[in-house]
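Here are a few short exercises to work through with the model open in your viewer. Try each one yourself before reading the solution.

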Amino acid sequence: MAIGMMLAVIGGMLVCVQNTFNANVKKRVGAWATTTLVLGLGFLASLLIGLFQEGSALFRVEEMETWYWFSGILGVGVVMSVTQGVERLGPSYAISIVMVSQILFALLWDTLGWFGLTAVPFTWKTVVGIVLIVGGVLVFQLSGKGKPTRASMNRAS
């Protein structure tokens, strides 16, 4: 469990750093070029690392639902929306919204057992946890000096 938690923390940190970088790239080359660059380099890195670690087993695919094959297309929506959200709102504000959205949708899918997940019961503890998380994000965001402006973000760059 500790390793899973550590990997989740590392993933969260990488998502924030990546989206901050992506927002800066988008300022110079546009949204579609940024998305192409991010996903293209990600594909290349995944392919090379996968070949190095797994060899030809990388291409051995067992039976899988056909629609799972298209999950990479969702990456286009992820990169486009989060990159533009970070540019318009700043990293902490945008990533806070992304985080709450991920938690709420994960809860929905867990509870309903969608996408091949085992249904997890919705309990009062779940409600308390969600209220605390959303409340914490709201306190964090509302305690600052307000939403950053483009001018203040440009000064920080």
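**Exercise 1.** Which backbone oxygen does the side chain of Asn-19 reach, and at what distance? Then work out whether Asn-19 is buried or exposed.

*Solution.* Keep in mind that this is a predicted model.
Step 1: find Asn-19 in helix H1.
Step 2: follow its side chain to the backbone oxygen of Val-15, 2.8 Å away.
Step 3: check accessibility. Asn-19 has a relative accessibility of 5%, and the cut-off for buried is under 20%, so Asn-19 counts as buried.
Step 4: look for partners beyond four places in sequence. Asn-19 touches Val-82, Thr-83, Val-86 and Ile-95.

**Exercise 2.** Work out how the axes of helix H1 and helix H3 cross, and which residues make the contact.

*Solution.* Step 1: take H1 as residues 2-29 and H3 as residues 71-89; their axes come within 8 Å and cross at roughly 80 degrees.
Step 2: classify the angle. Values of 65 to 115 degrees count as roughly perpendicular, so that is the label for H1 against H3.
Step 3: list the residues. H1 brings Asn-19, Thr-20, Asn-22, Ala-23, Lys-26 and Lys-27, while H3 brings Val-79, Val-82, Thr-83, Gln-84, Val-86 and Glu-87.
Step 4: sort them by type. You should get four nonpolar, five polar and three charged residues.

**Exercise 3.** How many salt bridges does a search of the whole structure find? Say which parts the pair ties together.

*Solution.* Step 1: recall that side chains of opposite charge can pair when their charged atoms come close.
Step 2: run the search, and one salt bridge turns up.
Step 3: name the pair. Lys-26 bridges to Glu-87, with the closest N and O atoms 2.7 Å apart.
Step 4: place both ends. Lys-26 sits in helix H1 and Glu-87 in helix H3, so the bridge links parts 61 residues apart in sequence.
Step 5: check the accessibility of each partner. Lys-26 is buried, at 15% relative accessible area, and Glu-87 is buried too, at 11%.

**Exercise 4.** Where is Phe-115 placed, and what is the sign of its phi?

*Solution.* Step 1: look in the loop between helix H4 (91-112) and helix H5 (124-142), and there's Phe-115.
Step 2: read off phi, which is near 60 degrees and therefore positive, in a residue other than glycine.
Step 3: compare with the usual pattern. Most residues other than glycine have a negative phi.
Step 4: finish with accessibility. Phe-115 comes out at 40%, so it counts as partly exposed.

Technical notes:
Residues are numbered from 1 along each chain as its sequence is written. This is a predicted model: local features need pLDDT of at least 70, side-chain atom pairs count only at pLDDT 80 or more; totals for chains, interfaces and linings use all residues. Side-chain values use heavy atoms; hydrogens and water are left out. Axes are lines fitted to C-alpha atoms, for helices over the stretch in contact, and angles run from 0 to 180 degrees between N-to-C directions. Helices (H or I, at least four residues) and strands (E, at least two) are DSSP runs, numbered from the N terminus. Angles under 35 degrees count as roughly parallel, over 145 as roughly antiparallel, 65 to 115 as roughly perpendicular and the rest as oblique. Contact means heavy atoms within 4.5 Å. Ala, Val, Leu, Ile, Met, Phe, Trp, Tyr, Cys and Pro count as nonpolar, Asp, Glu, Lys and Arg as charged, and the others, Gly among them, as polar. Buried means under 20% relative accessible area, exposed over 50%, partly exposed in between (1.4 Å probe, protein chains only). A polar contact is a pair of N or O atoms within 3.5 Å; within protein, one must be able to donate a hydrogen and the other to accept it, and residues adjacent in sequence count only if both atoms are side-chain atoms. A salt bridge is a side-chain nitrogen of Lys or Arg within 4 Å of a carboxyl oxygen of Asp or Glu.
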